Amino acid sequence: MKKVIPPAVGLVLALCFPLVTTDPFILSLLIEAGVWAIAVMGFVAILRTGEFSLGQAAFMAIGGYASALVTINLGIPFWFGLVFAGIMAALVALALGVVVLRLGGIYFAIVTLVFGEIVRIVALNWQGLTRGATGLTPSAPSTIHIGSITIDFIASKVPFYYLIVLLVLVAAVVFWRVDRSRLGRTFRSIASNETLAEHMGIHLMKYKVIIFVIAGFFTGIAGAFFCHFTLFMGPTTFDVWDSIMILIMGIVGGTSSVVLGPIIGALVLSAGGAYLTSALMVGMKPLVYGIIVIVVVVLLPGGLVDLGRYISRAPRISSLQGVKRHKKRGN
Amino acid sequence: MPILELRKLTKRFGNLIALREFDLDINQGELIGVIGPNGSGKTTLFNLISGYYRRFEGEIVYKGKRISGLRPDQIARQGIARVFQSYMLYEDTSVLENTTRCCYLRCETNSWQSFFNTSRYRKEEVNQRAEAEELLQPVGLAELRDSLAGKLPYGYCRLLGVAMALATNPTLLLLDEPMAGISHDEKGLVINLIKKLRDQGITVMLVEHDVKAVVDICPRLVVLDFGRKIADGRPEEVTTDGKVIEAYLGVEQG
Amino acid sequence: MPPAVVWMDGLVLSSIYILIASGLVLVFSIMGIVNFAHGQLYMLGAFLIYYMFARAGINYFVSLVITAVAIGVLGVAIERGLLRPLAPKGLLPPVVVTLGLIFLFEGIATLFFGPEKKAVPSAVPGVSSIGALTVSNEKLVVVAIAFAVMVGLYFLVSHTKMGLAMRASAQDPYTATLYGVSRGRILTLTMFIGCALAGIAASLMAPLYYVDPWIGLTPLIMALLAIVIGGLGSVLGAVVGGALLGFSGTFLIYYLGPWSELAAFVIVIAVLLLRPEGIFGRPKA
């Protein structure tokens, strides 16, 4: 029971936040952080099977385009667009995963990195579908009327805020539940020692693909949400740099934690980063990000989550080391 | 019908032929030792049977079913378990968690039930926890259940490996050099363990370098030399076979 | 059959890819990690040649050498200062650091050099005729220098004592130390050579293209693909992979236009599916 208290408190705080301020700038910061938090949860989930995906932003792009296209061209409501985005991203993850997860290790990392570039190039050149660099302009969800309550997504950012909190919550529950269940144990077995896990009856590919697809699903939804929030979807909305950012957020937050680490990482870097861009010169943001990553890896390899544990004196886990090493080739 | 049939197994690594047209039939409940000088292909043989190598020539038939080329997890599901020679543990977690993870094949609830934390799943988890603890008893590791597997001394690692293999409810157990690197006292423990396994009806195939120990426990020995089977029979016959002596010691000059 | 000019462009592009990929795979074969910041080192090399040659007017070839050495030294600093201390913690921390360096260098470049595209003039202006083909001298210089450098590299790796030490350390670092090969020195040397190669590639490319803080991404991706096709750990594989990508890239651009990169990606995936270890990699049993 004790374990439920911190997350419950966090949730209450998150829900009450708009009562404190409805400053659109701050809300936007948090909303963006929420979007990235979901993507990072997916990245960390994949990482905990020992695989390193450098292409998660590509799934955000796929989700974004899927939802934008379907809401603009077919007039489908936002809510279905969101689900459709998740499904499309999941399908692509399935196709890609089945083909490239068997490669594993550094090959998988490289291919996912390149995949991100490919999505960008396809989006840029398939003018007929995506309008190329001009991009698409999806609209915000239409106003909802429930009795006397009106939820207006255009007038204020608050409805978006609550929606992303809900989405983060759902994603968090799913990823957390997966981690706690036998699936999670199986993933940890694979990450710890693939050969052993295989000899104990675990079908490696099946499980790696499963988590890749689940991650893809939520990441796609996050991307779709984002484009309906910013009202724009273009080839550079989510690119390779973002995929690396997701990784950085994951590492900074701490990969030993399935939910809290990603959320912390996203908050610190996304919200913090947005502040930096507005306050400081161009170029400062990537510089600071780079410094933060290096500092975290060198000094606090378990991420900021470990800092919390240090303060509460819980056992520290340096999960960067627990993750599978580069697969040894040869006999 | 033999439980395991190996037909003309051949494994090449480029120009090196590690295993040459190896034939073997093993019957249910047998305790058979495979010996041979270094590099004779013993571990390669296990790698073929357990599915670690999947490209080779020849056939492997287990309980009448062709298993050549299957993945290790599929082979494990057939009932073949392997205890590795070198460190093959989940080093970053506890001894108990190691055996718990290996109870994977015992699970009857599926992933959905585990995700939704159904009562049947929870009951199974509790049972498995108990089973995992039980598995540590026969190898004497019950007291060390919370120790970090990566920090175990070598002898205990080997014993844990046996417990983990047994977690999969195997009908055929492949023991890779069980006597390697363990002390004299521990050898007795291992020999007893092997005998107990045989008494339980598990077919045991072991690969070993320590010929003396193997001669005492195994009623049947197979000798490999340069990938080829050169003898197959009772220990008394095999150890006095000229070809075998030659393989180990070389031909007498003069 | 594509026209000769496409072949020439393919040769030029291949030259640059080969240099970058070889540098990357050298580092990988010794250190066991992929230096994802390799593309940024290339980018910094391009800025160096810009400031020295285009702005300060220093002789192009002198600038090239200085750039190569400077980038090599920068690489060594990274290796000694960040990668080596982190090596005991596993393979993931150093790789994550190199990813962080991508951002770090992008930030530094944007802040100090500015985001605008900068042009570098031709090192050897004018054109020459080869048969019926008119080629810019610049492109000939690129191919010639790349060829010379690769030949030099080949001799270094296969015919010198230093190269032997490198190969020994790549195969079995511990045993190599038993034979007097200091792993630390080999790491430094290899990093120097690998990064210098990136600097050379950037210097060659600069007059043909432009310079800004983001030119490192595509070369990084191409280098990664090249070494993946060629087989991780094999320099020959990097050469072949680089050539394959360079030529197929220009051919595909000629035939498919902007879809060429997608086609290249599909080709790479196909190669990996058929032969997961790459052309010259060692297969898993």
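**Exercise 1. A helix in chain A**

Task: In this predicted model, find how far helix α5 (residues 105-125) of chain A reaches from its first C-alpha to its last, and how that fits the span expected at 1.5 Å a residue.

Solution:
- Start with the length: α5(A) has 21 residues.
- Next, take the reach from the first C-alpha to the last, which is 31 Å.
- Set this beside the expected value: the reach is close to 30 Å.
- Finally, look at the surroundings. Of the 21 residues of α5(A), 17 are buried, so this helix is largely enclosed by the rest of the structure.
- For the wider setting, chain A has 15 helices and two strands, and buried residues make up 57% of its 331 residues.

**Exercise 2. Two helices that cross**

Task: Work out how helix α2 (residues 24-47) and helix α11 (residues 240-253) of chain A are arranged, and which residues make their contact.

Solution:
- Two packed helices are described by the angle between their axes and the distance between the axes.
- Here the axes come within 9 Å and cross at roughly 75°.
- Angles of 65 to 115 degrees count as roughly perpendicular, so α2(A) is roughly perpendicular to α11(A).
- On the α2(A) side, the contact is made by A:W36, A:A39, A:V40, A:F43, A:V44 and A:L47. On the α11(A) side, the residues are A:I246, A:L247, A:M249, A:G250 and A:G253.
- Sort them by class: nine are nonpolar, two are polar and none is charged.

**Exercise 3. What chain A shows to its neighbours**

Task: Describe the contact of chain A with chain B, then that of chain C with chain A.

Solution:
- Begin with chains A and B. Chain A contributes 20 residues and chain B contributes 22.
- On the side of chain A that touches chain B, α7 (158-180), α8 (182-192) and α9 (194-199) of chain A each supply at least two residues. Helix α8(A) gives the most, with six residues.
- By class, that side of chain A divides into five nonpolar, 11 polar and four charged residues.
- Now turn to chains C and A. This contact takes 42 residues from chain C and 40 from chain A.
- The elements that give two or more residues to the side of chain C are α3 (60-86), α4 (92-113), α9 (217-230) and α11 (260-274) of chain C. The largest share, 15 residues, comes from α4(C).
- The side of chain C that touches chain A has 31 nonpolar, five polar and six charged residues.

**Exercise 4. The sheet of chain B**

Task: Trace the open sheet of six strands in chain B, and say which strands lie at its edges.

Solution:
- Write down the strand order: β6-β7-β8-β3-β9-β10, with mixed pairing.
- Pick out the edges. Strands β6 (80-83) and β10 (228-233) of chain B each pair on one side only.
- Add the twist, which averages 20° from one strand to the next.
- Zoom in on one pair: β3 (residues 31-35) and β8 (residues 203-208) of chain B pair in the parallel sense over five bridges. One place to look is B:L31, whose bridge partner in β8(B) is B:V204.
- Then add a helix: α6 (residues 154-166) of chain B lies across β6 and β7 (172-176) of chain B, running at about 170° to β6(B).

**Exercise 5. A cysteine in chain B**

Task: Is B:C157 buried or exposed, and which residues does B:C157 touch?

Solution:
- Locate the residue first: B:C157 is in helix α6 of chain B.
- Count its neighbours. There are 23 other C-beta atoms within 10 Å, and the cut-off for buried is 20 or more, so B:C157 is buried.
- List its contacts, leaving out residues up to four places away in sequence: B:C157 touches B:Y87, B:L89 and B:L152.

**Exercise 6. Two residues with positive phi**

Task: Compare the settings of A:R131 and B:N117: where does each residue lie?

Solution:
- Check the backbone angle. Phi of A:R131 is near 55°, a positive value in a residue other than glycine. B:N117 has a positive phi of about 55° and is not a glycine either.
- Place each residue. A:R131 lies in the loop between α6 (127-130) and β1 (144-146) of chain A, while B:N117 is in the loop between α4 (111-115) and α5 (119-136) of chain B.
- Finish with exposure. A:R131 is partly exposed, with 18 other C-beta atoms within 10 Å, whereas B:N117 is exposed, with 12.

Conventions: Residues are numbered from 1 along each chain as its sequence is written. Chains are lettered from A and ligands numbered from 1 in the order in which they are written. This is a predicted model: local features need pLDDT of at least 70, side-chain atom pairs count only at pLDDT 80 or more; totals for chains, interfaces and linings use all residues. Axes are lines fitted to C-alpha atoms, for helices over the stretch in contact, and angles run from 0 to 180 degrees between N-to-C directions. Helices (H or I, at least four residues) and strands (E, at least two) are DSSP runs, numbered from the N terminus. Angles under 35 degrees count as roughly parallel, over 145 as roughly antiparallel, 65 to 115 as roughly perpendicular and the rest as oblique. Two residues are in contact if their C-beta atoms, placed from the backbone, lie within 7 Å. Ala, Val, Leu, Ile, Met, Phe, Trp, Tyr, Cys and Pro count as nonpolar, Asp, Glu, Lys and Arg as charged, and the others, Gly among them, as polar. The expected span of a helix is 1.5 Å times one less than its number of residues. Two strands pair if DSSP finds at least two bridges between them.
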